[in-house]
Amino acid sequence: MSGAMRKSAPFRVLLDMDCVLADFEGNYLKCFREKFPNEPFVPLADRRHFYISDDYKKFEEQSPDILSKARSVYETPGFFGSQPPIEGALAAAKEISGLTNVEVFLCTSPLTKTPGVHHDIMEKLEWTEKHLGMDWVKRVIITKDKTMVHGNILIDDRPKIKGVLKPLPFKHILFTASHNRHLDLRATTAAERLDNWTDGSWQTLVEKYMKLM
């Protein structure tokens, strides 16, 4: 009986938002250059760290306040709401959600380093409603510790997923972004990569893990 119940449980896909569904990287660079046209910047091809400030540290000698300026871009209200969808992401999310016995949740982290900066939470909900519809707003999970969320797979651009629960309660799939493109998977917590939403590889990946459930 318990085995039958486990087999009938939905296959749960957790999708990160920034850099997986929403183009954080492209939007950030665009906004930074518009806001600080005379400051040095890091092209997407030169991104090497998950946290943007770690890539901008090299400019501190020539621009002492570069890190505060770099943070101010995403700490400015409107930034998260203005992110364009990544190509193919919305269609893929809807298609995954439409698969038999599959449920999809959006699992995203809030900004927590600057006191009083919480606009990202509301903007992510508004972004979801605008691009996916009100029904998807009910599926948004906002947490700093994603290991506390039960799922079968988590598609996320963060190289290492850390939290209270060990081992991870899901298979981590690393979604390729400019900041992690150079990494060997052995330096991450991911089981494998997903490079994009457009070539159909996500279908093979989801089917593979559904069979392993």
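These exercises work through the domains, contacts and local geometry of a predicted model.

**Exercise 1. Domains**

Task: State which residues make up domain 1 and domain 2, and how far apart their C-alpha centres lie.

Solution:
- Start with the assignment. Domain 1 takes residues 11–23 + 84–211.
- Domain 2 takes residues 25–75.
- Then take the centres. The C-alpha centres of the two domains lie 24 Å apart.

**Exercise 2. The interface**

Task: Describe the interface of domain 1 and domain 2 by its contacts, buried area and polar pairs.

Solution:
- Count the contacts. 14 residues of domain 1 touch 11 residues of domain 2.
- Take the area. The two domains bury about 1200 Å² between them. Carbon and sulfur atoms account for 54% of that.
- Find the main contributors on the domain 1 side. D23, S178 and H179 lose the most area to domain 2. Together they make up 39% of what the domain 1 side buries.
- Check for salt bridges. The rule finds 0 across this interface.
- Check for polar contacts. Here 8 residue pairs qualify, with both residues at pLDDT 80 or more.
- Sort the domain 1 residues that touch domain 2. They divide into 5 nonpolar, 5 polar and 4 charged.

**Exercise 3. An aromatic pair**

Task: Classify the pair of F32 and Y56, and work out which helices it links.

Solution:
- Begin with the total. The model holds 14 aromatic pairs by the rule used.
- Read the geometry. The rings of F32 and Y56 lie 5.1 Å apart, centre to centre, with 55 degrees between the planes.
- Apply the cut-offs. Planes under 30 degrees apart are stacked and those over 60 are edge-to-face. The F32 and Y56 pair is therefore tilted.
- Place the residues. F32 is in helix α2 (residues 24–35) and Y56 is in helix α3 (residues 52–56), so the pair ties together parts 24 residues apart in sequence.

**Exercise 4. A salt bridge within a helix**

Task: Locate the salt bridge of K30 and E34, and give its distance.

Solution:
- Search the whole structure. It yields 13 salt bridges.
- Pick out this pair. The side chains of K30 and E34 meet at 3.2 Å, N to O.
- Use the spacing. K30 and E34 are 4 residues apart in helix α2, so about one helical turn separates them.

**Exercise 5. Backbone geometry**

Task: Characterise the peptide bond between K166 and P167, and the phi of C19.

Solution:
- Take the bond. K166 and P167 are joined by a cis peptide bond, with omega about -5 degrees.
- Place P167. It sits in the loop between β4 (153–156) and β5 (171–175).
- Turn to C19. Its phi is near 75 degrees, a positive value in a residue other than glycine.
- Place C19. This residue is in the loop between β1 (11–15) and α2.

Key: Residues numbered from 1 in each chain as written. Predicted model: local features only at pLDDT ≥ 70, side-chain atom pairs only at ≥ 80, totals over all residues. Heavy atoms only, no water. Domains from an automatic or database assignment. Contact = heavy atoms within 4.5 Å. Buried area = accessible area lost by both parts, 1.4 Å probe. Salt bridge = Lys/Arg side-chain N within 4 Å of Asp/Glu carboxyl O. Polar contact = N/O pair within 3.5 Å; in protein donor to acceptor, adjacent residues only side chain to side chain. Nonpolar A, V, L, I, M, F, W, Y, C, P; charged D, E, K, R; others polar. Phe/Tyr/Trp six-rings, centres within 6.5 Å; stacked < 30°, edge-to-face > 60°. Helix = DSSP H or I, 4+ residues; strand = E, 2+ residues; numbered from the N terminus.
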